[in-house]
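Got a fold in front of you and not sure where to start? Let's go through it one question at a time.

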Amino acid sequence: MIHVRSAQYLDGYRIALEFNNDERGIVDLSDLIQRYPIAWPLRDQTLFAQFYLDEWPTLVWHCGFDVSPETLYERASGKTIAWLKQA
């Protein structure tokens, strides 16, 4: 299973990620922040930059918003995770 090894805030709604398979990439989550009401507090980029890695590990914010490791991986790498193709 894929998970986030490390994450670093860049700017705006962009985060640099490293995954447990040693792949790295950058995600821009601006579309998700605008789409989901639970994420609306994160329109404040100061709050957006205050994410942390939870026990899965994946990105989460104190407002309750999170993004699955699989979604982050697909956005960062442009690749689909094999077991998700079968679902």
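Here are some questions and answers on this predicted model.

Q: In what order do the elements of the protein chain run from the N terminus on?
A: Start with the tally: the protein chain has four helices and six strands. Now read them off from the N terminus, and the order is β-β-β-α-α-β-β-β-α-α.

Q: How does the radius of gyration of the protein chain sit with the globule rule?
A: For 87 residues, the globule rule gives 12 Å. The protein chain comes out close to that, so it is as compact as a globular protein of that length, with a radius of gyration of 12 Å.

Q: Which strands stand at the edges of the open sheet?
A: Three strands form this sheet, in the order β1-β2-β3, and the pairing is antiparallel. A strand with a single partner has one side left without a neighbour in the sheet, and that goes for β1 and β3.

Q: Over how many bridges do β1 and β2 pair?
A: These two strands run in the antiparallel sense, and Ser6 stands opposite Glu18 in β2. Their hairpin has two residues between the strands, and Gly12 takes a positive phi near 50 degrees there. As for the bridges between β1 and β2, there are six.

Q: And over how many bridges do strand β2 and β3 pair?
A: Strand β2 covers residues 14-19, and its pairing with β3 is antiparallel too. One spot to find is Arg14, which stands opposite Asp28 in β3. The bridges between β2 and β3 number five.

Q: Which helix packs on the sheet?
A: Look for a helix touching β1, β2 and β3. Its direction makes about 100 degrees with that of β3, and it spans residues 69-77: this is helix α3.

Q: Why is the pair of Tyr9 and Phe48 called edge-to-face, rather than stacked?
A: A pair of aromatic rings is described by the distance of the centres and the angle of the planes. The ring centres of Tyr9 and Phe48 are 6.1 Å apart, and a pair needs centres within 6.5 Å. Planes over 60 degrees apart count as edge-to-face, and here the angle is 65 degrees.

Q: How many residues apart are Tyr9 and Phe48 along the chain?
A: Tyr9 belongs to strand β1, while Phe48 belongs to helix α2. The pair links distant parts of the chain, and the separation is 39 residues.

Q: Is Tyr9 buried or partly exposed?
A: Buried means under 20% relative accessible area. Phe48 is at 0%, so Phe48 is buried. Tyr9 is at 26%, so Tyr9 counts as partly exposed.

Q: What is the angle between the planes of Phe51 and Trp61?
A: Phe51 sits in the loop between α2 and β4, and Trp61 in the loop between β5 and β6, ten residues apart. Phe51 is buried at 15% relative accessibility, and Trp61 is buried at 2%. Their rings lie 6.1 Å centre to centre in an edge-to-face pair, with the planes at 70 degrees.

Q: Which residues form the aromatic cluster?
A: The count comes to six aromatic pairs. One cluster is formed by Tyr9, Tyr13, Phe48, Phe51, Trp61 and Phe65.

Q: What share of the residues of the protein chain counts as buried?
A: The cut-off is again under 20% relative accessible area. Of the 87 residues, the buried share is 34%.

How values were computed
Residues numbered from 1 in each chain as written. Predicted model: local features only at pLDDT ≥ 70, side-chain atom pairs only at ≥ 80, totals over all residues. Heavy atoms only, no water. Phe/Tyr/Trp six-rings, centres within 6.5 Å; stacked < 30°, edge-to-face > 60°. Buried < 20%, exposed > 50% of the residue type's maximum accessible area, 1.4 Å probe, protein only. Pairing = 2+ DSSP bridges. Contact = heavy atoms within 4.5 Å. Axes fitted to C-alpha atoms, helices over the stretch in contact; angles between N-to-C directions. Rg over C-alpha atoms; globule rule 2.2 N^0.38 Å.
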